[in-house]
Amino acid sequence: MSNNQTSNTCPELSSPNQHSTLPSGRRRRRKKGKKAQDDQESTGQRPLTNPDTARPSQSLFEGAHHFRTKNVNVTLVNPPPIPEPVDGWKLLVESISPNALHNSSARYDAPKCDEDTRIELTRELMDRIEDRENPQRLLCMTGAAGSGKSALQQTIAERCENSGILGSAYFFANADPTRNTISTVVPTIAYQLGSHNPALKQAISAAVAQDMVIFEKSLRTQMNNLIVRPLRYLREGTGLDLATLPHAILIDGLDECQGEDRQEELLTAVRECLLSDDLPFCVFIASRPELAIRTALAPGGHLHAVAYHVQLSAHHDASGDMRRFLRRRFERLSLRTGNPHWFTEENIETLVKAGSGQFIYVATVYRWISEPRASPAERLKIVLTWTPDAEQRARPFEALDQLYTNILLNAKNAYESVDTHSGRDFLLLLNIHHINLVNRFADSNNFGALFGMPESYITDLLGLGDESVEILISDLHSLVSKKMDKFSYLLILHKSFSDFLNTESRAKDLFVPPSRAYSHLAKCCLLYIVRCPDPEYLSVTMRTLPVFMAPQGVLVEIDDELIDFSQKGGWAKIDSANLHSKDKAAYHYHLLKQLDVLTKGDTKRKPQGVEVMRTYFKKRKGEKNNFPAGKKQVKFRGPEMV
């Protein structure tokens with residue numbers, strides 16, 4: 001080293017006489033001991049040690065002596081820090097949804113089956129889940145809204161837990177952003193599975209540590225990397241018997257997961273990953289019968305051959321369980337009221353009948369009746385006699401109405417988002433079918449008898465295709481089904497849903513006034529008559545036209561269509577219809593009888609529209625006078641109605 005260099009960096013080496021005057025032996029050792037420490041403290045110099053390596057030396061030139069340095073530039077370089085080990089399990093826990101667990105505080109007092117309700121069904125489900133040799137290791141339970149699916153799933157989860165076979169449970173909830181998407185499903189399932197076995201926990205943790213963006217990957221990749229591969233690694237590497245692990249995996253409320261495509265992705269991942277022959281799992285999924293699971297379970301669907309399908313509404317009558325539910329809870333309220341006779345068996349029967357198999361109906365009613373600051377007897381009377389009075393402040397069905405609102409809004413948004421449905425009003429079309437098959441139309445030609453029309457006629461009249469009804473209700477199968485009889489028609493599963501649609505105070509923004517539905521049908525009739533090439537359908541359209549035009553307020557809405565109908569020869573087409581003379585006379589007679597009063601004018605109507613009606617009926621006055629009113633009434637014949 002050059003002797004003309006000096007150092008200002010290391011004070012202990014800067015004195016020209018320091019090393020020449022040092023004695024040997026003990027003085028040098030003392031210098032290297034306490035004196036060196038004192039020098040460092042007096043100059044503020046810290047020992048040159050790396051805390052990560054903990055080197056014991058406190059000098060750059062340990063053991064060197066009899067030399068001098070000048071102008072030395074010393075650069076201290078710390079070694080790169082040793083990275084902290086990745087805690088994969090911690091990352092996993094940060095990605096789960098605690099609210100989705102069956103025993104989560106967010107689901108405190110979650111609904112479940114009473115001990116003496118759903119006995120046969122819960123036994124059937126538990127038998128299948130407990131049977132590890134059963135080749136059908138996927139159970140799918142579908143049922144209408146409010147039919148008690150979540151209560152059954154909660155009951156099964158608790159029984160599996162008590163039996164030591166619950167591997168995991170995940171409860172979707174549309175209103176909870178932490179559990180209404182698939183993003184937390186696999187982490188939550190993996191967390192629960194790993195919590196049962198330390199070795200599996202460690203393997204899952206290592207898998208996360210190796211791929212810290214695993215939670216951003218596809219559902220199938222997550223299931224393979226976080227569940228399937230760790231299990232196979234333990235079986236092959238450590239000899240773990242997978243049959244000793246809790247094997248029941250429960251998923252509730254699939255329909256409440258946002259996005260049909262994501263629901264389909266989850267079902268596919270379950271089939272391809274969790275149902276592998278070398279894995280022990282039995283998976284139980286509950287859902288409303290909406291499009292994703294309905295398609296998968298249908299003949300030709302990818303789950304049809306592998307799933308055991310339980311259909312609540314179709315094969316399991318809940319009426320007896322609903323009676324027991326109400327009777328037990330009403331008896332408990334008797335202790336509070338001090339009156340064991342505040343309800344009757346007839347009251348219970350009325351509520352069960354109104355529930356139409358919906359457990360949520362009787363549960364909602366009981367919850368409202370049993371509120372602590374209310375009289376159960378008075379509230380029961382309100383429920384039994386409740387009408388949609390504007391002055392009525394009671395809202396016994398508020399929870400049920402929220403359920404219907406959510407289902408309808410989701411179905412409406414899904415239907416109207418399809419480009420080929422542009423301009424179609426989902427709620428209007430649904431209510432037209434509802435009026436046709438529930439409220440029915442009043443036929444004044446037949447003394448006000450109510451009648452419905454074949455679905456095929458309604459779809460033709462509305463200008464829709466053959467599959468239009470199935471498409472319309474594709475997201476409403478928890479509330480509506482399609483039944484094939486002499487004619488195909490819709491079937492409303494719950495009377496309370498019809499009550500909801502008919503009551504503005506309950507449906508609120510989803511309510512469609514009947515006059516609007518009638519106006520739309522009347523407009524379609526006028527257009528259909530002008531365009532119709534089929535004499536048979538023309539005849540039935542001529543019959544239904546006065547039915548649709550008669551309700552108050554309809555003509556105000558269709559004046560423009562009446563004018564256009566006249567300009568395009570609509571009345572002439574009615575006159576030329578291929579009808580028997582008596583049929584034609586009867587038709588004109590009844591048309592005039594129903595609508596003549598509507599030709600008198602209305603301040604809200606367009607004068608030109610009123611004049612159109614007057615001109616037509618003036619021409620028919622003679623036919624009215626010539627019609628044999630004293631004889632037995634001749635009915636206008638059209639195609640058979642429902």
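**Cavities, aromatic pairs and the surroundings of D211**

Five cavities of 30 Å³ or more were counted in this predicted model. The largest cavity holds about 50 Å³ of space. Its lining is formed by L193, H196, L200, L231, L245, P246 and F281. Of these lining residues, six are nonpolar and one is polar, while none is charged.

The aromatic side chains form 12 pairs. In one of them, the ring centres of F325 and F359 are 5.8 Å apart and the ring planes stand at 85°; the pair is therefore edge-to-face, as the angle exceeds the cut-off of 60 degrees. Because F325 belongs to helix α11 (residues 319-337) and F359 to helix α13 (residues 359-369), this pair ties together parts that are 34 residues apart in sequence. Both F325 and F359 are buried. An edge-to-face arrangement is also assigned to W342 and F343, because their ring centres lie 5.3 Å apart with the planes at 70°. W342 and F343 are likewise buried. F325 and F359 further join Y366 in one aromatic cluster.

A polar contact was examined at D211, which is located in the loop between α6 (198-210) and α7 (219-238). The relative accessibility of D211 is 16%, so this residue counts as buried, the limit being under 20%. Its side chain makes a polar contact of 2.7 Å with the side chain of K217. When residues up to four places away in sequence are not counted, D211 touches K217 and N225.

Methods. Residues numbered from 1 in each chain as written. Predicted model: local features only at pLDDT ≥ 70, side-chain atom pairs only at ≥ 80, totals over all residues. Heavy atoms only, no water. Helix = DSSP H or I, 4+ residues; strand = E, 2+ residues; numbered from the N terminus. Buried < 20%, exposed > 50% of the residue type's maximum accessible area, 1.4 Å probe, protein only. Polar contact = N/O pair within 3.5 Å; in protein donor to acceptor, adjacent residues only side chain to side chain. Contact = heavy atoms within 4.5 Å. 1 Å grid on protein atoms, 1.4 Å probe; cavity = no way out; pocket = protein on both sides within 12 Å on 5 of 7 lines; lining within 4 Å. Points joined across faces, edges and corners; volume = space filled by probe spheres on them. Nonpolar A, V, L, I, M, F, W, Y, C, P; charged D, E, K, R; others polar. Phe/Tyr/Trp six-rings, centres within 6.5 Å; stacked < 30°, edge-to-face > 60°.
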